[in-house]
Amino acid sequence: MERSFPETLSALRKGRNISQRQAAADLGISQALLSHYENGAREPGLSFVCRACDYYGVTADYLLGRSAHPGDVSLRDAKQFLSELRARLDRAESALQSAEGEET
């Protein structure tokens, strides 16, 4: 993982020019608790993670550092995945045809 939850949480807030005080109020927690989450001193529960995802409009995978994409998979990424999958299927089919030809 390239980034941690605290880094991502802080970067999302700062990237939107939202003060820690305002974000904490909007998220229903104290500023001190948000500060602890952002500096890694405390880990949030699932309900906070869900609220933060909704608040910032990102997926949980992005917020937790498991994805580089803040939203759902982009159309470009989906097309690239399908292209790679088709290429692998073509190679597998060719290998099977070659193997069948060698058996006869």
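**Close-up views of a predicted model**

**View A. A charged side chain lies over a tyrosine ring.** The charged end of R3 is placed over the ring of Y62, at 4.1 Å from the ring centre. The structure shown here and in the other views is a predicted model. R3 also serves as a reference point for G40: the two C-alpha atoms are 12 Å apart in space, while the residues are 37 apart in sequence. G40 itself belongs to the loop between α3 and α4. With a relative accessible area of 43%, G40 is partly exposed, because that category lies between the 20% limit for buried and the 50% limit for exposed.

**View B. Helices α1 and α3 cross.** The axes of α1 (5–15) and α3 (31–39) come within 6 Å and cross at roughly 125 degrees. The two helices are therefore oblique to each other. On the α1 side the contact involves F5, P6, L9, S10 and R13. Their partners in α3 are L34, Y37, E38 and N39.

**View C. Helix α2 has a buried side and an exposed side.** Q20, A23, A24 and L27 are the buried residues shown in α2. They span an arc of only 100 degrees around the axis, so they lie on the same side of α2. An α-helix has 3.6 residues a turn, so residues three or four places apart point the same way. R21 and A25, on the other side of α2, are exposed. The cover over the buried residues of α2 includes α1, α3 and α4. Just after this helix, G28 adopts a positive phi of about 75 degrees.

**View D. Helix α4 packs through one side.** Which residues of α4 are buried? In this helix, which runs over residues 46–56, they are F48, V49, A52, C53 and Y56. Their arc around the axis is only 140 degrees, which puts them on the same side of α4. The buried residues pack against four helices, namely α1, α2 (20–27), α3 and α5. L46 and D54 are exposed and sit on the face turned away from the buried side of α4. G57 follows just after α4 and has a positive phi of about 70 degrees.

**View E. Two aromatic pairs are found.** The count of aromatic pairs comes to two. In one of them, Y37 and F48 are tilted, with 4.7 Å from centre to centre and 50 degrees between the planes. This pair links distant parts of the chain, since Y37 is in helix α3 and F48 in helix α4, eleven residues apart. Y37 is buried at a relative accessible area of 7%, and F48 is buried at 2%. Y55 and Y56 also pair: their ring centres are 4.8 Å apart and their planes are at 75 degrees, so the arrangement is edge-to-face. Y55 is partly exposed, with a relative accessible area of 27%, whereas Y56 is buried, with 4%.

**View F. G71 lies in a loop between two helices.** The loop that holds G71 connects α5 (60–63) and α6 (75–103). G71 is partly exposed, at a relative accessible area of 31%. Between the C-alpha atoms of G71 and S19 the separation is 23 Å, and the two residues are 52 apart along the chain.

Terms used
Residues numbered from 1 in each chain as written. Predicted model: local features only at pLDDT ≥ 70, side-chain atom pairs only at ≥ 80, totals over all residues. Heavy atoms only, no water. Buried < 20%, exposed > 50% of the residue type's maximum accessible area, 1.4 Å probe, protein only. Arc of directions from axis to C-beta. Contact = heavy atoms within 4.5 Å. Phe/Tyr/Trp six-rings, centres within 6.5 Å; stacked < 30°, edge-to-face > 60°. Lys NZ or Arg CZ within 6 Å of the ring centre and 35° of its normal. Axes fitted to C-alpha atoms, helices over the stretch in contact; angles between N-to-C directions. Parallel < 35°, antiparallel > 145°, perpendicular 65-115°, else oblique.
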